[in-house]
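Subject: Structure handover and what was found in it

Dear colleague,

I am passing on the structure below, together with some notes on what came out of going through it. Please read the notes with the structure open beside you.

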Amino acid sequence: MTSTVKTDLNHSHSFGQDHKRPGESRTIIVIAVTAAMMVVEIATGILFGSMALLADGLHMASHAAALSINAFAYVYARRHAHDERFSFGTGKVNALGGFSGAVLLAVFAVMMAVESVVRLFNPVAIAFNQAILVAVIGLVVNGLSMFVLDHKDGAHHDPDHGHDHQGHGHDHHHHDHNLRSAYLHVLADTLTSLLAIVALLAAKYFGLVWMDPLMGIVGAIMISRWSIGLLIGTSHVLLDRQAPADIQQKVVDGIQENGDNRVVDLHLWTVGPDIYAAIVSVVTENPKPPQYYKQLIPADFKFVHVTVEVNRT
């Protein structure tokens, strides 16, 4: 015997995605600040001949574009939250924005590395005082942007933890992949600004001109690493990868600890920031309405769409 739930075609699948997320306003503010500083650093990098400074400015240019993608993702998800063409709402637009940002991070890291290698073998004259001044200003601006984007539930403080570790449940703590992408872009800018300052000081006071392009290479390696972590985390969401093993086990235990219930099939995946959907197949000698089994699922995690199939043994 199979039991199903009565379908209400008029119920909403927005799952709260129609609400304005905190990251949206913060991202727009950072875009404005980044764009302004971008113009200054690119111009002065070319004028003063600093590869590290020019790389910082180019990063700001690329990140301003990437941040614009993040902002668009927020607006699109919110405005189309009630669009019935999206079966599980627009929550995955958030992950798509993060994935796009991660791809751009990787592309710009490669460009930065290539240009730095060229400058390593073909150094140019650098106006140190002016370049250092602008780099310091860039560092301050990036630091303020990081502060604006920082928020307690973003779980982005460790750039290398953008994905779950062998399915042990870490990934579900990274709620907003779109905001994480924006944060990593600003963090990358902050890193390149800091490396530019170190390189310029080393070149000015110790004659280590090669430090300037070398810092560009170091920055490219770090940014590539962050990009890979974000690509892994967002691709898991976009490809409907099963939720971490600890969440699956809690669902199974919750249903099976009562009576003779046995979960024979379970699909549990992310449909938006910190929200899950599930399809559960239960076999039992004494079938009950699907709603009964839904209530057995622990409330530790936010399940916004649960389908239960009940079969008699």
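Please keep in mind from the start that this is a predicted model, and that confidence varies along the chain, so I begin there because it affects how the rest should be read. Over residues 1-9 the pLDDT stays under 50, and for this stretch the model has 14 contacts beyond four places in sequence. The pLDDT is also below 50 over residues 160-174, a stretch with 40 contacts in the model beyond near neighbours in sequence. For the chain as a whole the mean pLDDT is 80, and 84% of the residues reach 70 or more. Among the elements, strand β1 (residues 2-3) has the lowest mean pLDDT, at 44, while strand β3 (residues 275-284) has the highest, at 92.

As for the overall layout, the chain contains eight helices and four strands, and reading along the sequence gives the pattern β-α-α-α-α-α-α-α-β-β-α-β. Of the 313 residues in the chain, 50% are buried. Among contacts between residues at least 6 apart in sequence, 77% join residues that are at least 24 apart. The accessible surface of the chain comes to about 14,600 Å², and carbon and sulfur atoms account for 64% of that area.

Turning to the interior, the largest nonpolar core has 28 residues, and those that touch the most other members are Leu67, Leu149, Leu184, Val186, Leu187, Ile223 and Trp226. At least two residues of this core come from each of the helices α1 (22-48), α2 (51-79), α3, α4 (128-149), α5 (177-206) and α6 (211-238), and α5 gives the most, with 11 residues. Another core lies apart from this one and has 20 residues, among them Ala243, Ala278, Leu296 and Ile297.

Two polar residues in the helices may be worth finding in your viewer. Asn178 is found in helix α5 and counts as buried, with a relative accessibility of 0%. Leaving out residues up to four places away in sequence, Asn178 touches Asn70, Ala73, Tyr74, Asn94, Gly97 and Gly98. Ser145, for its part, has its place in helix α4 and also counts as buried, because its relative accessibility is 3%. Not counting neighbours within four places in sequence, Ser145 is in contact with Val30, Val33, Thr34 and Val186. The C-alpha atoms of Ser145 and Thr34 are separated by 8.0 Å, although these two residues are 111 residues apart along the chain.

I then looked at charged pairs. Side chains of opposite charge can pair when their charged atoms come close. How many salt bridges does a search of the whole structure find? The search finds four, and I describe some of them here.

One of them joins Glu24 and Arg78, with the closest N and O atoms 2.5 Å apart. Glu24 lies in helix α1 and Arg78 in helix α2, so this pair ties together parts that are 54 residues apart in sequence. Glu24 is buried, with a relative accessible area of 3%, whereas Arg78 is partly exposed, at 23%.

A salt bridge is also formed by the side chains of Asp240 and Lys92, at 1.9 Å from N to O. Here Asp240 lies in the loop between α6 and α7 (245-256) and Lys92 in helix α3, so that the pair ties together parts 148 residues apart in sequence. Both ends are partly exposed: Asp240 has a relative accessibility of 40%, and Lys92 has a relative accessible area of 21%.

The side chains of Arg85 and Asp83 likewise meet in a salt bridge, at 2.6 Å from N to O. Is Asp83 buried or exposed? Asp83 counts as buried because its relative accessibility is 18%, which falls under the 20% cut-off. Its partner Arg85, at 69% relative accessibility, counts as exposed.

Finally, on the outside of the model, Val117, Leu120, Phe121 and Trp210 form a nonpolar patch on the surface, and together they have about 410 Å² of accessible area. Of these, Phe121 has its place in helix α3, which covers residues 91-121, and it counts as exposed at 64% relative accessibility.

With best wishes

Notes: Residues are numbered from 1 along each chain as its sequence is written. Side-chain values use heavy atoms; hydrogens and water are left out. Patches are made of residues with over 30% relative accessible area and no salt bridge: like charges are joined within 9 Å, nonpolar side chains (Val, Leu, Ile, Met, Phe, Trp, Tyr) within 5 Å. Accessible areas come from the Shrake-Rupley method with a 1.4 Å probe; for residues, only the protein chains shown count as cover. Buried means under 20% relative accessible area, exposed over 50%, partly exposed in between (1.4 Å probe, protein chains only). pLDDT is the predictor's confidence in each residue, from 0 to 100. Contact means heavy atoms within 4.5 Å. A nonpolar core is a set of buried Ala, Val, Leu, Ile, Met, Phe, Trp, Tyr and Cys residues joined through side-chain atoms within 4.5 Å.
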